[in-house]
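The exercises below concern one protein model. Each sets a task and then works through it.

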Amino acid sequence: MSEVMEVDDEPDTAENSTAENYSVEEASTLNASENAAESHDEQDLNYEAPLSPVLSGNIPPSQRLDDTDTVSEVSTLSQRSTASITLRNESSTPCPSPAKKKRSCEVLEDDKDCQLCPICFVEWSTSGEHRLCALKCGHLFGFHCIKRWLLMDAQDPRCPTCKDKADTNDIRYIFARKIVAMDDSELTRMRKTLEIVTQEKNRLQVELATTTCRMHLLKEEVEGYKRKMSSMKCGSNENEQYPGGETVTLYKEKTIDLGRDSNCRVLDSKSMLNIVAVSVKSTNSLCVGYGVKLINIANLKPTAFIFLHSQMIRDIKFHESKPWLMSCSIDKDVKILDVNTNQTSLTLKGSSSLWSCCWDTCNENILYAGQQQGSTLKFDIRKPTEPVQTLFIAGDYSPVVSVQAIRASHSIFPLGGVISCKLTSIWAFENTPQESERHFLPVEGPFVSLTSHNNHDNFFLSSRPNTKYPYARHFLCELSRDGCVRCNIVHTLRGGSTQRMLSRTCLLSNKSDYAAAYIEDQRIVSLWNVNNANKVGSVPARETVLDINSVRTAHADYLLTLTESKLRFFKFNC
């Protein structure tokens, strides 16, 4: 093979820097080829000139010449150079051996691998989410892939290739002069179009379900007017007790003053433990925030205050079988308190402010937390680092005001589930072996609260007045399944004409099953019999009632009402 000499200008800085990155294996292959060429040369060139990029190794691997290149390939490359190239002894070029062909194929295959993202094994692009970028260690990736990789392990992010410590701030775009990249602009456009179409589809589905709900409500309203007209002829009103009907009498047993600036919000009770828990603001200047005050049911006196959160507590729930009290707060934390030791045993982290929580009825280690931005987090206390699942509705970011677990039922949800009540819509998520399946429940809002009874499958749903209904409505509902999941409204109870606060309702039992709700404009707490929707009693409430609950002792049953500063016990007259 004849020698090749080239007259060229000094290689620029970019080419020199490119040559420095070539591997030792490539350099040794090129030197071996040059030595083999020199052994066959019989003459030297008398003209000495600076080595061209062909001989100095300062060209990309895809353009290098080895001893298997033909004369025509050399001639083609010579047209790209600024100096003339002299070729001699063309007939002395040896035939390439099979081993050299194999090495050449391996180099080409390595070049192809260098064009792929080592995380997703897809070619990177020059723009968009998968554009070429590098970490401070020098390894190359697609931007979207390496960013997601580093965010997956926020505690100790490292480079996927060399395991050096890295951070999202270390990501740098690579502006390469030549790069084999896929043009994904059309794919990106199609993805955005698909996202828009999907959102429109979801919006139309919700609109269709809302329209169907309104149609059913109009039919129910017509039937209600018919019943009301019939009852007016008999001298009675809807939701009022009939002559000779049931009457429930309650009298105030005790009022506990929790403090002028206690800023109470929610309460829960556990008859088995003889405890009532109330969320209150801390009065200790060293512990600024909120906690729970425990009250002994036996003597109706406070026993302890436990500090829990730095911001307001939005919901608390006792475990059905364990001595655990769960609380969620605006500070994005879910905490589990052991009421036997008054110590916090576990803290779980949400992604936004938390508004509601509940325990799963099928698995004692599972709990749910509703977020302000619209999603519901499913946690397993055995894996507390992150949620095991996030239940959300695309396009619906209204806060989750209440979450209630659904018991396992062979006819409805064989593995149980959870109901997520938002300000504007209500959804049921069914547990499945893979991921939860969502079902829209066509009830018209806006909603205030959702509650259920431990011994029943029905639930009590409350909504605010709207342009169509100028009064608050309370629905006693039950789920059914006939091909699709349905929400059957058993009774509709009429509330007051105003509902400014998110006052919670309650289902309780005494001689019968009752529903209790605060009537804001009348300043009373009303009781209805859930079997016949008759109003059976009420108690006065001069202050705004924020939460209602009940507790049963060995001697009496109590109805509990909570205001911003006081907790009142009303005893059922047996």
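**Exercise 1. A salt bridge within a helix**

Is Glu-186 buried, partly exposed or exposed?

Solution. The model is predicted, so local features need pLDDT of at least 70 and side-chain atom pairs count only at pLDDT 80 or more, while totals for chains, interfaces and linings use all residues. Residues are numbered from 1 along each chain as its sequence is written, and side-chain values use heavy atoms, with hydrogens and water left out.

Step 1. Take the classes: buried means under 20% relative accessible area, exposed over 50%, and partly exposed in between, with a 1.4 Å probe and protein chains only.

Step 2. The relative accessible area of Glu-186 is 46%, so Glu-186 is partly exposed.

Step 3. Glu-186 has a salt-bridge partner, Arg-189, at 2.5 Å from N to O. A salt bridge here is a side-chain nitrogen of Lys or Arg within 4 Å of a carboxyl oxygen of Asp or Glu. Arg-189 has a relative accessible area of 45% and is partly exposed.

Step 4. Both residues lie in helix H7 (residues 185–233), three residues apart, which means a separation of about one helical turn. Helices (H or I, at least four residues) and strands (E, at least two) are DSSP runs, numbered from the N terminus.

**Exercise 2. The surroundings of strand S20**

Describe the cover and the pairing of strand S20 (residues 417–422).

Solution.

Step 1. Six of the six residues of S20 are buried.

Step 2. Sort the residues by face. In a regular strand the side chains alternate between the two faces of the sheet. Gly-417, Ile-419 and Cys-421 are on one side of S20, Val-418, Ser-420 and Lys-422 are on the other, and all are buried. For Cys-421 the relative accessible area is 0%.

Step 3. Find the partners. Two strands pair if DSSP finds at least two bridges between them. Strand S19 (residues 400–406) runs antiparallel to S20 and is joined to it by six bridges; in this pairing Val-403 stands opposite Ser-420. Strand S21 (residues 426–430) is also antiparallel to S20, over five bridges, and its Glu-430 stands opposite Gly-417.

Step 4. Three residues separate S20 from S21, and the two strands form a hairpin.

**Exercise 3. The largest nonpolar core**

Which residues have the most contacts inside the largest nonpolar core, and which strands supply at least two residues of it?

Solution.

Step 1. A nonpolar core is a set of buried Ala, Val, Leu, Ile, Met, Phe, Trp, Tyr and Cys residues joined through side-chain atoms within 4.5 Å.

Step 2. The largest one has 22 residues, and Ile-426, Phe-459, Leu-461 and Leu-479 have the most contacts inside it. At least two residues of this core come from each of S19, S20, S21, strand S23 (447–452), strand S24 (459–463), strand S25 (473–482) and strand S26 (484–494).

Step 3. Examine Leu-479. With contact meaning heavy atoms within 4.5 Å, and not counting residues up to four places away in sequence, Leu-479 touches Ile-406, Ile-412, Ile-419, Leu-441, Phe-459, Val-485, Arg-486 and Cys-487.

**Exercise 4. Salt bridges between separate segments**

How many salt bridges does the whole structure hold, and which parts do the bridges of Arg-481 and Glu-543 tie together?

Solution.

Step 1. A search of the whole structure finds 17 salt bridges.

Step 2. Arg-481 meets Glu-430 at 3.0 Å, N to O. Arg-481 is in S25 and Glu-430 in S21, so this pair ties together parts that are 51 residues apart in sequence. Arg-481 is partly exposed at 30% relative accessible area, whereas Glu-430 is buried at 7%.

Step 3. Glu-543 forms a salt bridge with Arg-568, with 3.2 Å between the closest N and O atoms. Glu-543 lies in the loop between strand S30 (535–540) and strand S31 (547–552), and Arg-568 lies in strand S33 (residues 566–572), so the pair ties together parts that are 25 residues apart in sequence. Glu-543 is partly exposed at 28% relative accessibility, and Arg-568 is buried at 12%.

Step 4. A network of salt bridges links Asp-315, Lys-317, Arg-504 and Asp-547.
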